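Please examine the structure shown below. The paragraphs that follow consider its contacts, its interior and its surface.

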Amino acid sequence: MTASHRRTAPILGADGSETPITPRWHIGRWLVGTLAVLVVVWLATAIIFNENIRWNRVFDYLFSPRILDGVVVTIWMSILATVIGLSLGVVLAVMKLAKNPVLQWIAAGYIWFFRGTPVLVQLIFWYNLAFLFPYLTLQVPFTQIGVQWDTNQVMTSFMAALLGLGLNLAAYFAETVRAGIQAVDRGQTEAALAGGMTHMQTMRIIVLPQALRIIIPPTGNEFISMLKTTSLVVVVAGSDLMTNASQIYKQNNLIIELLIVASLWYMLLTAVATFFQSKLERRFGSDAVRLVRGPGFVQKFLRNGQQAQTATESIATISEKATTR
């Protein structure tokens with residue numbers, strides 16, 4: 001019911017007196033809410049006042065240099081893996097939308113493989129790549145010219161984690177980028193091609209900048225998820241937050257305390273990332289599409305077309321008046 005249809009006049013009784021309007025009490029709603037609060041308070045009390053948790057040790061390790069080093073590694077690992085995933089995801093999305101069936105099959109196969117296998121399996125695979133390729137060789141085909149590296153020296157824990165997380169994330173980013181590209185009006189692509197632009201120029205100058213409005217907000221979600229997914233790097237000892245925390249509690253047996261420390265840092269990082277994500281959503285979530293390079297070809301083309309149409313109508317009007325006279 002709209003505001004214009006709401007009752008604004010007072011309700012009068014049979015004797016002409018005004019009948020007071022009192023809000024309705026939702027007893028069931030209050031009972032459920034009260035019960036939920038009691039359950040939350042009980043759980044919080046059971047954890048906070050648990051005698052088996054040494055809270056003083058939690059605060060001792062909260063800002064431990066080793067824990068802070070793990071936080072820094074986690075942040076860098078998340079940023080680099082997201083950059084790798086987004087860059088490769090754009091390429092895969094363009095390949096999947098290409099008219100070449102070979103490129104489509106390659107992109108579809110990549111996405112199917114990396115979305116179909118667990119991240120944990122991929123991390124372990126990259127870390128143990130030396131069992132499959134003891135040496136990594138880069139050489140000119142059919143010649144002996146090239147260089148060779150020991151796989152164990154190249155595939156460190158950090159590198160294995162970066163490849164495992166980044167390549168897996170690229171498969172998910174590819175679908176996000178593809179959806180963003182397909183959301184751009186097809187007429188703009190046709191107008192750009194009609195204006196003499198190539199398919200690559202159209203994609204780079206017209207389509208992708210507009211697709212950013214749809215791509216960037218989900219990117220924030222993926223980055224937040226990546227912050228927590230880095231905890232799986234513990235299986236390859238990647239010096240991240242979870243790895244350093246696990247190495248500490250293996251020495252002093254303060255398992256719960258160190259897990260609380262890691263959880264507090266993950267929650268803090270997630271809160272900061274969520275804050276910046278909300279900023280991005282407010283910036284790119286408006287109806288007006290912001291082009292990265294300013295007014296593009298389509299905007300100029302439509303603007304010139306409107307000006308030409310206006311000029312033509314003006315000339316036609318003047319000619320009609322002259323003919324009438």
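Among contacts between residues at least 6 apart in sequence, 71% join residues at least 24 apart. This figure, like the others here, is computed from a predicted model. The secondary structure comprises 12 helices and 4 strands, and 31% of the 325 residues count as buried. The accessible surface amounts to about 21400 Å², and carbon and sulfur atoms account for 65% of that area.

The interior can be approached through its nonpolar cores. The largest of them contains 22 residues, and those with the most contacts inside it are Ile67, Leu241, Leu258, Val261 and Trp265. Two or more residues of this core come from each of α2 (55–62), α3, α9 (199–229), α10 (241–252) and α11 (255–284). Helix α11 supplies the largest share, with 8 residues. Apart from this core lies another one, of 14 residues, which includes Met95, Tyr110, Leu129 and Ala170.

Leu258 offers a closer view of the contacts in the largest core. When residues up to four places away in sequence are not counted, Leu258 touches Tyr61, Ile67, Ala245, Ile248, Tyr249 and Asn252. One of these partners, Ile67, is also listed with Leu258 among the residues that have the most contacts inside the core.

The UniProt record, an unreviewed entry, places the feature "transmembrane region" at residues 30–50, 70–95, 107–133, 153–174 and 254–276. Two of these spans may be compared with the model. Residues 70–95 are 100% helix and 0% strand, and the C-alpha atoms at the two ends of that span lie 37 Å apart. For residues 254–276, the chain is 96% helix and 0% strand, with 34 Å between the end C-alpha atoms.

On the surface, which residues make a nonpolar patch of about 570 Å²? The patch is formed by Val72, Ile75, Trp76, Ile79, Leu80, Val83 and Phe158. Helix α3, residues 65–97, gives the most to this patch, with 6 residues. The same helix is also named among the elements that give two or more residues to the largest core.

Val83 belongs to both the patch and helix α3. Is Val83 buried, exposed or partly exposed? Its relative accessibility is 47%, and therefore Val83 counts as partly exposed, because that class lies between the limits of 20% for buried and 50% for exposed residues.

How values were computed:
Residues are numbered from 1 along each chain as its sequence is written. This is a predicted model: local features need pLDDT of at least 70, side-chain atom pairs count only at pLDDT 80 or more; totals for chains, interfaces and linings use all residues. Side-chain values use heavy atoms; hydrogens and water are left out. Patches are made of residues with over 30% relative accessible area and no salt bridge: like charges are joined within 9 Å, nonpolar side chains (Val, Leu, Ile, Met, Phe, Trp, Tyr) within 5 Å. Accessible areas come from the Shrake-Rupley method with a 1.4 Å probe; for residues, only the protein chains shown count as cover. A salt bridge is a side-chain nitrogen of Lys or Arg within 4 Å of a carboxyl oxygen of Asp or Glu. Buried means under 20% relative accessible area, exposed over 50%, partly exposed in between (1.4 Å probe, protein chains only). UniProt positions are given in the numbering used here, feature names are shortened, and annotations may be inferred rather than shown by experiment. A nonpolar core is a set of buried Ala, Val, Leu, Ile, Met, Phe, Trp, Tyr and Cys residues joined through side-chain atoms within 4.5 Å. Contact means heavy atoms within 4.5 Å.
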